[in-house]
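Work through these exercises with the model open beside you. Each task comes with a solution in steps.

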Amino acid sequence: MRKIKTGIPGLDEIFKGGINSGTSFLLTGPPGTGKTIFAIQFIHAGAMLGEAGLYITSEEEPTDIREIASSIGLGLEKFEKKGLVSIIRQSISDKKLVSIATPLRLIKENKIKRVALDSLTLFEYMHVAGEMDYRKEVLDFVIRMKETKVTLLTTSEKSIIDIDQFHYDPEDFLFDGLIILTKVRKSSTFERCLNVVKMRGQEHLIDIYPFSISKGSGIEVHTKQLPFSLIDKDAKEERFTK
Ligand SMILES: Nc1ncnc2c1ncn2[C@@H]1O[C@H](COP(=O)(O)OP(=O)(O)OP(=O)(O)O)[C@@H](O)[C@H]1O
Ligand SMILES: [Mg+2]
């Protein structure tokens, strides 16, 4: 199977060269952990390689996405002009089922290879009444995207309190891949950490890696570094149990 580059420095190493083309993966984590920036980098990296991308935003305006991208040194406008990047907003205020007619039309017209849906809350708002409906709707979306052969990245929110005590949500099971972004307290600050929980059908590293978000290069996963916050935590727990 062909592998595609995620565009996140360090992450393709974790995936031994990239992720299998045509798969779907969920990027989850608490607020402000870098999910939107990750999704922007994923779409931008595709455009750089000539692979057209579609960014579906539910909470932000397309102009916000362009601004976030330029704040980390990535210009999307020039790719939009060439048809290599399309940004659409699917509003959560529409109290009807999510219509995927527009994404499907764009995928066909622009020969789109990568889709980023930021975020899955879009579906949650539609289905407050019953969890079954919500799961079905999300699964339908994943299947429809898979039929078009695009590689799908979806973001979702998760309230992680402790890295050792994750609560898995129903949607975590619906995707081929699951990546968790979180922040771990380290003394009086926080360290950003990334972990690939699963990626069906391919080999990947399972360690927890520290990552950074910077103006110049966005998200970078530091595969050669250790998450010092967790080493400190383990050492403290060991002292406590002795
Ligand atoms: N230009 C930048 N340079 C450095 N760090 C930045 C920059 N822009 C954002 N950040 C950092 O990234 C964080 C936000 O990232 P992002 O918007 O991708 O988070 P998110 O996980 O999508 O959040 P939410 O769940 O609220 O949508 C900010 O809180 C900030 O710490
Ligand atoms: Mg976001």
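**Exercise 1. Two helices in contact**

Task: At what angle do the axes of helix α2 and helix α3 cross, and which residues make the contact?

Solution.
- Start with the source: this is a predicted model.
- Locate the helices. α2 covers residues 35–48 and α3 covers residues 62–71.
- Take the axes. They come within 10 Å and cross at roughly 85°.
- Classify the angle. Values of 65 to 115 degrees count as roughly perpendicular, so α2 is roughly perpendicular to α3.
- List the contact. α2 supplies Thr 36, Ile 37, Ile 40 and His 44, while α3 supplies Ile 65, Ile 68 and Ala 69.
- Sort by class. The contact of α2 with α3 has five nonpolar and two polar residues, and no charged ones.

**Exercise 2. The shell around ligand 1**

Task: How many residues surround ligand 1, and which element gives the most to the shell?

Solution.
- Count the shell. Ligand 1 is surrounded by 14 residues.
- Pick out the closest. They are Gly 32, Lys 35, Thr 36, Ile 37 and Ser 71.
- Assign elements. Two or more residues come from α2 and from β10 (208–214).
- Rank them. α2 gives the most, with three residues.
- Sort by class. The shell has seven polar, four nonpolar and three charged residues.

**Exercise 3. The sheet**

Task: In what order do the nine strands of the open sheet lie, and which are the edge strands?

Solution.
- Read across the sheet. The order is β5-β4-β6-β7-β3-β8-β9-β10-β11. The pairing is mixed.
- Find the edges. β5 (85–89) and β11 (218–221) each pair on one side only.
- Add the twist. From one strand to the next it averages 25°.
- Check the pairing at β11. It runs antiparallel to β10, and four bridges join the two. Ile 213 has Ile 219 in β11 as its bridge partner.
- Place α2. This helix packs on the sheet and touches several strands, including β3 (24–29), β8 (177–186), β10 and β11. Its direction makes about 170° with that of β6.
- Place α5. This helix also packs on the sheet, touching β4, β5 and β6. Its direction makes about 165° with that of β4.

**Exercise 4. Strand β6 and its neighbours**

Task: How many residues of strand β6 are buried, and in which sense does β6 pair with β4 and β7?

Solution.
- Test the burial. A residue is buried if 20 or more other C-beta atoms lie within 10 Å of its own. In β6 (residues 112–118), seven of seven residues are buried.
- Look to β4 (residues 52–57). Six bridges join β4 to β6, and the strands run parallel. Ile 56 has Leu 117 in β6 as its bridge partner.
- Look to β7 (residues 151–157). β6 and β7 pair in the parallel sense over four bridges. Here Val 115 stands opposite Leu 152 in β7.

**Exercise 5. Unusual backbone angles**

Task: Which residues are joined by a cis peptide bond, and what phi do Lys 111 and Lys 149 have?

Solution.
- Recall the background. Most residues other than glycine have a negative phi, and most peptide bonds are trans.
- Find the cis bond. It joins Asp 118 and Ser 119, with omega about 15°. Ser 119 lies in the loop between β6 and α6 (121–126).
- Take Lys 111. Its phi is positive, near 50°. Lys 111 sits in the loop between α5 (101–109) and β6.
- Take Lys 149. Its phi is also positive, about 70°. Lys 149 sits in the loop between α7 (131–147) and β7.
- Judge exposure. The cut-off for exposed is 12 or fewer C-beta neighbours. Lys 111 has 11 inside 10 Å, so it is exposed. Lys 149 has 11 inside 10 Å, so it is exposed too.

**Exercise 6. The start of the chain**

Task: Is Met 1 buried or exposed, and which residues does Met 1 touch?

Solution.
- Place the residue. Met 1 is in the segment before β1 (3–4).
- Count neighbours. Met 1 has 10 other C-beta atoms within 10 Å, so it is exposed.
- List contacts. Leaving out residues up to four places away in sequence, Met 1 touches Asn 20 and Ser 21.
- Take a distance. The C-alpha atoms of Met 1 and Ile 100 are separated by 27 Å. Along the chain these residues are 99 residues apart.

Notes: Residues numbered from 1 in each chain as written. Chains lettered and ligands numbered in written order. Predicted model: local features only at pLDDT ≥ 70, side-chain atom pairs only at ≥ 80, totals over all residues. Axes fitted to C-alpha atoms, helices over the stretch in contact; angles between N-to-C directions. Parallel < 35°, antiparallel > 145°, perpendicular 65-115°, else oblique. Contact = placed C-beta atoms within 7 Å. Nonpolar A, V, L, I, M, F, W, Y, C, P; charged D, E, K, R; others polar. Near = placed C-beta within 6 Å. Pairing = 2+ DSSP bridges.
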